[in-house]
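Colleague: I am new to this structure and would like a close look at a single part of it. Please describe that part slowly, and then say how other parts of the chain are put together.

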Amino acid sequence: MALRRTVMFLLLVVLSLPGLIHSFQPLFSFDGSSITHRDITQRAVLRKTAEVCRDIAVSEGRDFSLTIDDSLSAVQVQRACSSTGTSSSLLSTVIFQTSITKMYFSNAKVDVVFALSEEHHFDDETFQGGRDVITTGVSAVKASVKLENFVAGRWTLGRVCHTLQDFYSHSNWVELGNTAPYSTLIRPDQPLENLAGPSTPTCRNCTGGNCDDNLLPELLQQSLLTSGYFNVFSSAKPAGKCSHGGSFDRTSRQDPVGGISKDDIGSSHGSLHLKAADLAVNATMELLEDVRLSVGDKNFLRLMGLSQSSVLCFVIDTTGSMSDDIAEAKRVSFDIIDRKRGTQQEPSAYILVPFNDPGFGPLLVTTDADIFKDSINKLSASGGGDIPELCLSGLQLALTAAPPSSEIFVFTDAPAKDAHLKSTVTALIESTKSAVNFMLTDVLASRRRRRSLQGPVSRSMSQSDAQLYRDLARASGGQAIEVTKSDLSLATTVIEDSSAGAVVTVFQVVRNPGRPDNFTFTVDGSIRNMTAYVTGDSSLTFSLTSSTGVSQSSSQSSGPLASFTTVGNLRRLSLNTDNQTGSWEITVDSNKPYSVKVTGQSSVNFIFNLVEAHEGAHGDFSLKEGRPLSGGNTSLLVSVTGSDTVKVTEVTLFDSSGPTEVNGSLQSLGSGNFLVTFSGVPAGDFVVRLRGEDSSSTSRSTTSTFQRQASTQIKTSSISVTVSAPLRIIYTKQLVWHAQVNNTDVEPGSTISVPFTVATATNGVVNDSATGTFTVRANNDRSYALTTPSTVAIAAGDGGTANGTVTLTVPTSAASGTDVTLTIEAENTAATDVNYAVLRFSVAPKVTDIDRPVCQEVSSSSNCPSSSSLCASSQWEFIANFTDGVNGTGIESVTIRQGNGTLNTTTVAGAGGENITVATYSASCCSQNVELTAVDKVGNVGTCVGQVKQSSTAAPVITAAVNTTSTGGLTLSMSQSLWICAAVSLLWY
């Protein structure tokens, strides 16, 4: 136990040390010349996505004119990939840009969570370990995509890319003169060759601080591969070995002194930095291509987040009194599906979570509208018993399954039995930035009757019960709509509104307690179909004034500025903003709680993420999980989406229920990205508001002032919660060991422990003399077994921190690709302040099948004419066998990667007991090339390429001359098939 405490303490100290980044800079480069992990990842994703879209366009006979290079932006790629996109059409790139952002944030997080793991950075010549990190992670990505867990797949993919990219800045691959990626790093079935031995000297001392020539000549002559050693505690390293280099690398002070890092322009081998970065981009694209071939083009684009539409996500109470609500949920979802199927606005995925008491789920996530229809159609209202239901448990599942920034709709007429999950759900809302809307029926009725098997049951939901839902809606930027069951169909128009494309929030405010107030918002030239929502008591009144001075009061249901309907506590205003850009005003008169929300459709929007600084020689930023500290400095990475011509003039944190406003200091990072710093943010609940100017052609005026607001609240806290790299618990007969987990992938049947630290902060800085006790809660969305201390205490002399550990056990039955979200919360004794950490894991069994499917030609026949003008009337056929070996997992699919023919497959048994997938391809002689791709059940990919060989003499025009040679399902050898008319080559990925 003492050993474990010492190891944990050292780990926590190390992760808190500044400047331990020893890789390409994670996010930002302030020298103006260096390339970061963010740059590399974004360039590779945009280029590969564009390539996939180009290939799809070519196969469909469409034009694709985009030039694919490192200058691409998200809006350029998404517009080019849109089959109907034009320069003037509405186009939302929020989902695409958010997905890319999550990938490069996950990438950057490796430098924080795995700062001292040599495998994650290819330090200390750990080439086998580094490749294991990559290949294990890639297998996890493929498994996640197979289950349509795209969010988990992106998070793992970003982390894997970090390790792959570091190879090119930490090894001597570039110095060896290589100009192409080292493909063996993503191919576990190929040997790592030409590695410098453990006792082979690799470097000599740098001279006068110049390390350009410190690699030994014999190392380069023999083309031996090495990487630098790195250690922040000790200068020890094997004799004659290269170091990484830099002020924090103590090994670089021991002979041979210096380093070989190419992390940035100022590194030991900084002159080769740009070459290393270019290779890292190409290597990342090669890895993405491997994933693409495994999962297919459609799922690959979903993994990249290339979608203009959000998901349709319903969380539905299925107890006895909910039959009318379920029927309305069916009606509105079926209407959305039927109207948008096959269009650019078709929902990118469908999510359904039923709940009642004592159960919730199962979670359904699908991209197939018919499966969603069938599932929601099977829901029925029954049972109920006691009044409360497990609403928040169902919502927790939806929040972790839905992509970030989703819109979630909850249908219920009952209080939450699991109200203790409120802080967990709030943490997930803040982490995912998803908006939650509650459709609450009959809240105002004092008594209701619920049907059950035992007869009617009287029940009621108090105002305090409903307040829980209102609080969660407010935290997320959603709405709590309270109507009678008979009027529910009038209120679900908000669901149809949210399913429209390119919806943006212009302004949103909550007043609780209520008071009369005036609010202004800006209407810009790019925005269309503006809608305002006002919720509040029936006595509430309002008036609206346009930028031209025209007014309309709430006594006019249809007027010059808007037409509106009232249902329950909701007023929905359809605004007429034509030719009235500029500042509008809405005045609300009510002393009871109310909210105002103004939305519209526009290509111009923004996303934001909390980041935290790491000072030191490689000072940079990484994604901050949890809430920012009260009184301290807060930094945001703000990215404007949908336009490459915007100018941001102001980013503000403002308390939507009070007068507090904090203006941020902007630093442009290029390409619509801004680092925004706020000084001394006080305690409170804030939202982010952005103002700027847009001179794009989509505006109705030359330069248009615009305003956008984020929906999700940012709440500050005086509690700090940090987590360390998880540890895997290994049980033996004598001891229990804790080993650092090299990935965020967990195996079925395994138990991991997650060390965490709680501290109290004063003015944004940890108070090392503070004492106190904190309540600890830990939850996971899969209901896996876990243990957690109920409290942790900071005693005098503890340096102001308290440590604890949460353990999580994954059942042996957990499916590969399942994602698990773990939330750890710490709350003060007064229950007035809470902070949290959110961790994501993927279930990934150890992959033993590392061999790619093997292709062997069986036969090919053709009688194609030499004249291309006669090709349409003739056919050629190609037959090949794919095998995965006796011990392989088996061929799962064979598809046409290139070619315009038809493919049929059958499975037969081979002589050695292995399954053989026989692929028969036939096509017109006008399409003379084919490439087939075979994928086994763990995602290994093999391909086979065929090409028609022209006859030496003109052949008569015939149809489908087929001559298949096969014996008992066995493959003929190449020597037995030399007579064929197609030349076939084998290509392994």
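Modeller: In the hairpin made by strand 38 and strand 39, five residues lie between the two strands. One residue of this hairpin, Ala 831, takes a positive phi near 60°. The model is predicted, and what follows should be read with that in mind. Strand 38 covers residues 819-828 and strand 39 covers residues 834-843. The two strands run antiparallel and are joined by nine bridges. Within this pairing, Leu 822 of the hairpin stands opposite Leu 839, a residue of strand 39.

Strand 38 also pairs with strand 34, which spans residues 772-780. The sense is again antiparallel, over seven bridges. One contact to find in the view is that of Phe 774, whose bridge partner in strand 38 is Asn 828. Strands of a sheet pair through backbone hydrogen bonds, and the pairing may be parallel or antiparallel.

Are the residues of strand 38 buried or exposed? The strand is mostly covered, with ten of its ten residues buried. The side chains can be sorted by the way they point. Asp 819, Thr 821, Thr 823, Glu 825 and Glu 827 point one way from strand 38. Val 820, Leu 822, Ile 824, Ala 826 and Asn 828 point the other way. Residues of both groups are buried.

Both strands of the hairpin also take part in an enclosed space. Rolling a probe the size of a water molecule over the atoms shows where empty space is left. In this structure there are seven cavities of 30 Å³ or more, and the largest has a volume of about 490 Å³. Strand 38 and strand 39 each supply at least two residues of the lining of this largest cavity. So do helix 4 (94-113), helix 7 (150-170), helix 13 (391-401) and helix 14 (422-432), along with strand 18 (605-614) and strand 27 (714-715).

The lining of the largest cavity counts 36 residues in total. Nearest the centre of the cavity lie Lys 102, Ser 431, Thr 432, Glu 625 and Arg 840. By class, the lining has 16 nonpolar residues, ten polar ones and ten charged ones.

Two cysteines can be looked at singly. Cys 161 has a relative accessibility of 2%, so Cys 161 counts as buried, the limit being under 20%. Cys 391 is buried too, with a relative accessible area of 0%.

Next come the bonded cysteines. A search of the whole structure finds six disulfides. If the bonded cysteines of the protein chain are numbered in sequence order, they pair as 1-2, 3-6, 4-5, 7-12, 8-10 and 9-11. Three of the links are described here.

One joins Cys 206 to Cys 211, with an S to S distance of 2.0 Å. The torsion about this S-S bond of Cys 206 and Cys 211 is about 110°, and therefore the disulfide is right-handed. Cys 206 and Cys 211 are both buried.

Another disulfide is formed by Cys 855 and Cys 944, whose sulfur atoms are 2.1 Å apart. The link of Cys 855 and Cys 944 has -60° about the S-S bond and is left-handed. Cys 855 belongs to strand 40 (residues 854-862) and Cys 944 to strand 46 (residues 941-948), so the link ties together parts that are 89 residues apart in sequence. Cys 855 and Cys 944 are buried.

The third link described here joins Cys 864 to Cys 925, at 2.0 Å from S to S. With -75° about its S-S bond, the link of Cys 864 and Cys 925 is left-handed. This pair links distant parts of the chain, 61 residues apart. Cys 864 sits in the loop between strand 40 and strand 41 (875-883), while Cys 925 sits in the loop between strand 44 (915-924) and strand 45 (929-936). Both Cys 864 and Cys 925 are buried.

Some of the strands just named also share a sheet. Four strands form an open sheet in the order 40-41-44-43, and their pairing is antiparallel. Its edge strands are strand 40 and strand 43 (902-909), each of which pairs on one side only. From one strand to the next, the twist averages 20°. Strand 43 and strand 44 run antiparallel and are joined by eight bridges. Thr 906 has Val 918 as its bridge partner in strand 44.

Notes
Residues are numbered from 1 along each chain as its sequence is written. This is a predicted model: local features need pLDDT of at least 70, side-chain atom pairs count only at pLDDT 80 or more; totals for chains, interfaces and linings use all residues. Side-chain values use heavy atoms; hydrogens and water are left out. On a 1 Å grid over the protein atoms alone, a cavity is a set of points where a 1.4 Å probe fits but cannot get out, and a pocket is an open set with protein on both sides within 12 Å along at least five of seven lines; lining residues have an atom within 4 Å of a point. Grid points are joined across faces, edges and corners, and a volume is the space filled by probe spheres set on the points. Ala, Val, Leu, Ile, Met, Phe, Trp, Tyr, Cys and Pro count as nonpolar, Asp, Glu, Lys and Arg as charged, and the others, Gly among them, as polar. Buried means under 20% relative accessible area, exposed over 50%, partly exposed in between (1.4 Å probe, protein chains only). Two strands pair if DSSP finds at least two bridges between them. A disulfide is a pair of cysteine sulfur atoms within 2.5 Å. Axes are lines fitted to C-alpha atoms, for helices over the stretch in contact, and angles run from 0 to 180 degrees between N-to-C directions.
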